[in-house]
Amino acid sequence: MNFFISFLFLSLISTLSLVNSETLPDNEVWALTSFKEAIYEDPNLALSNWNMLESDLCNWFGVTCTVSGDHVTKLNISGSSLKGFLARELGQITYLQELVLHGNSLIGTIPKELCMLKSLQVLDLGMNHLSGPIPTEIGNLTLLVNINLQSNGLTGRLPPELGNLRYLQELWLDRNRLQGPIPASGTYSFASTMHGMYVSKDNATGLCRSPQLKLADFSYNFLVGSIPKCLEYLPRISFQGNCLQSNDPKQRPSTQCGGASPAKSQPVAGNQYHPIADHARKHHGASEPTWLLALEIVAGTMVGSLFLVAALATVQRCNNKSSIIIPWKKSGSLKDHNAVYIDPDMLKDVRRYSRQELEEACEDFSNIIGSSPDSVVYKGTMKGGPEIAVISLCIKEESWTGYLELYFQREVAELAKLDHENTGKLLGYCRESNPFSRMLVFDYASNGTLHEHLHCYEEGCQFSWTRRMKIVIGIARGLKYLHTEVEPPFTISELNSSAVYLTEEFSPKLVDFESWKTILERSEKNSGTISSQGAVCVLPNSLEARHLDTKGNVHAFGVLLLEIISGRLPHCKEKGYLVDWAKDYLEKPEVMSQLVNPELKNFRHDDLKVICEVITLCINPNTAARPSMRELYSMLESRIDTSVNIDLKSSSSLAWAELALLS
């Protein structure tokens, strides 16, 4: 009797599960699957039970369905450190009321497809790394009550369509890079309301048309204009840290509001959702006769088979839906689907070259001036244009993912922002599918790399002390610009003498040709190995890694200074590490001169003391104690003598030749 009761119970569970799986629409199943596919790192295993073999998707972590299990109504996965994109397929969950992904590390733009969620009441994407504009289509979500987009990297203007949200009560936009005026205007009559706010007349526009708005925060952006009268009921701190015409001293200084790049988002302490607790599974057992246990095992196996068949059928049905594409997955071909994930405006000022143009300029790609397992650098000359250096990525099309495409485009956009005499100038890029090509095009520096000159052993090729000091100051000036005048800070992934190119006048230019060493691969744990002609690489933990290691650049700058004055390699098998050797001389004036390349017959001891002082500060093991590049540049520029007179003490023809060039 117990056996039949157990069999019926298991059959009932199976039937209910199959009903749930069958009644949940295919588009919602596919949307959830696409969301998981777009996540490339899940350190807390928040999505560990998101498995198609789990027949009831409504039991997946963070997913809430209607009572009948026929629609998904909530997706709440906050504070889980998820890294990846916002899949545009989420816009297909028609009955979704709450989308809460607060406190993760999501990147890319907010897909406008999310604005198809007509039932959405709560949209919380705060505390992520999202970029690009707020979609104007957000005004279509007329049932929205709460919007939280705080602490991202959003740019562009606030869409006036926010005024279409008549039920909006909370709007959190603080700590982004939003620009332009706050969209709210009209003629108002002051009346007593539950919020103590202005009541707008019919000619109101923008947020003045949102009568339910109780709380809003626009602080720490780059908004201009004045505070709209209809929003004056909000506390003043809701507008601080902007460029508004206000007597509030907590607005940004004019130097940041005169067209300067927006500042990096700052973290916030409040208004955070807490992660949902993991689902607990309960198991129980009881003492039963052996024969009954055996029969139950057989029955359970049969029911399990039914589960498996149903799950496989669901997967097959999803795979057969040809109208939906997951752009984040690896694909054997990207010819027909080559999506752009970042705001196209970020690339508007960068020229896109055709592969044919670059092939002709670089003599059929035969003029190779550098190579690594990850990239090849060619030299070329454009027709009637400048000499160029082209870095071509060595990666097979089947290994190129949506993640890498996003990084490539963001790299292009960030390199395009750089405009300084001591940084390499990005002229454009090449992005083609047939044949698969991803290339960056830089202005060519005609005198090669600093490495080639420092380690040239031919007679008469060594730089004088004066020239070395000019190069040192130029490098420091370029790093100061990258670290303090570009927002967010831009760092050189591998700062060494090979990353410093020299112009015809021997002015240094910092070029990050090696950045792809740190981004061309993903860990096997997350998405499989990416190889390039046998070379295996690993992607960084996040796309923000470049901007975080300014102190690492400072250390590398110190090592580079040692290389410049000594002429020694940073490391070689016979002599070990340059820094270890130099420590015995750096802080001892009586032996400090032994750091200088013996080929240099003339150098200024005062200059050497400054250089050694800077090196000591740079290589300090305590990262926090290392000074900024602004401080280091100031020390070098103010205390180093770059006049050519000291070299005239030498009778060498090299010194006189340099004097002629410099004059």
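These are my notebook entries on a predicted model.

**Entry on confidence**

I began with how sure the predictor is of its own work. The protein chain has an average pLDDT of 76, and 71% of the residues score at least 70. I then looked up some stretches with low scores. Residues 188-201 have a pLDDT below 50, and in the model this stretch makes 34 contacts beyond near neighbours in sequence. Over residues 260-292 the pLDDT also stays under 50. For residues 260-292 I noted 61 contacts beyond four places in sequence.

**Entry on strands**

Next I followed strand 18, which covers residues 222-225. How many bridges join strand 12 and strand 18? I found three, and the two strands pair in the parallel sense. Strand 12 runs over residues 179-181. Its Pro 181 has Val 224 of strand 18 as bridge partner. Strand 18 also pairs with strand 19, residues 243-244, in the parallel sense over two bridges. Here I wrote down Gly 225, whose bridge partner in strand 19 is Leu 244.

**Entry on helix 13**

My last stop was helix 13, residues 629-639. Which of its residues are buried? My list reads Met 629, Leu 632, Tyr 633, Met 635 and Leu 636. Why do these buried residues line one face of the helix? I looked down the axis of helix 13: the buried residues fall within an arc of 160 degrees, so they sit along one face. Then I checked what they pack against, and found helix 8 (465-485), helix 10 (550-566) and helix 12 (605-618).

Conventions. Residues are numbered from 1 along each chain as its sequence is written. This is a predicted model: local features need pLDDT of at least 70, side-chain atom pairs count only at pLDDT 80 or more; totals for chains, interfaces and linings use all residues. Side-chain values use heavy atoms; hydrogens and water are left out. Buried means under 20% relative accessible area, exposed over 50%, partly exposed in between (1.4 Å probe, protein chains only). Helices (H or I, at least four residues) and strands (E, at least two) are DSSP runs, numbered from the N terminus. The arc is that of the directions from the helix axis to the C-beta atoms. Contact means heavy atoms within 4.5 Å. Two strands pair if DSSP finds at least two bridges between them. pLDDT is the predictor's confidence in each residue, from 0 to 100.
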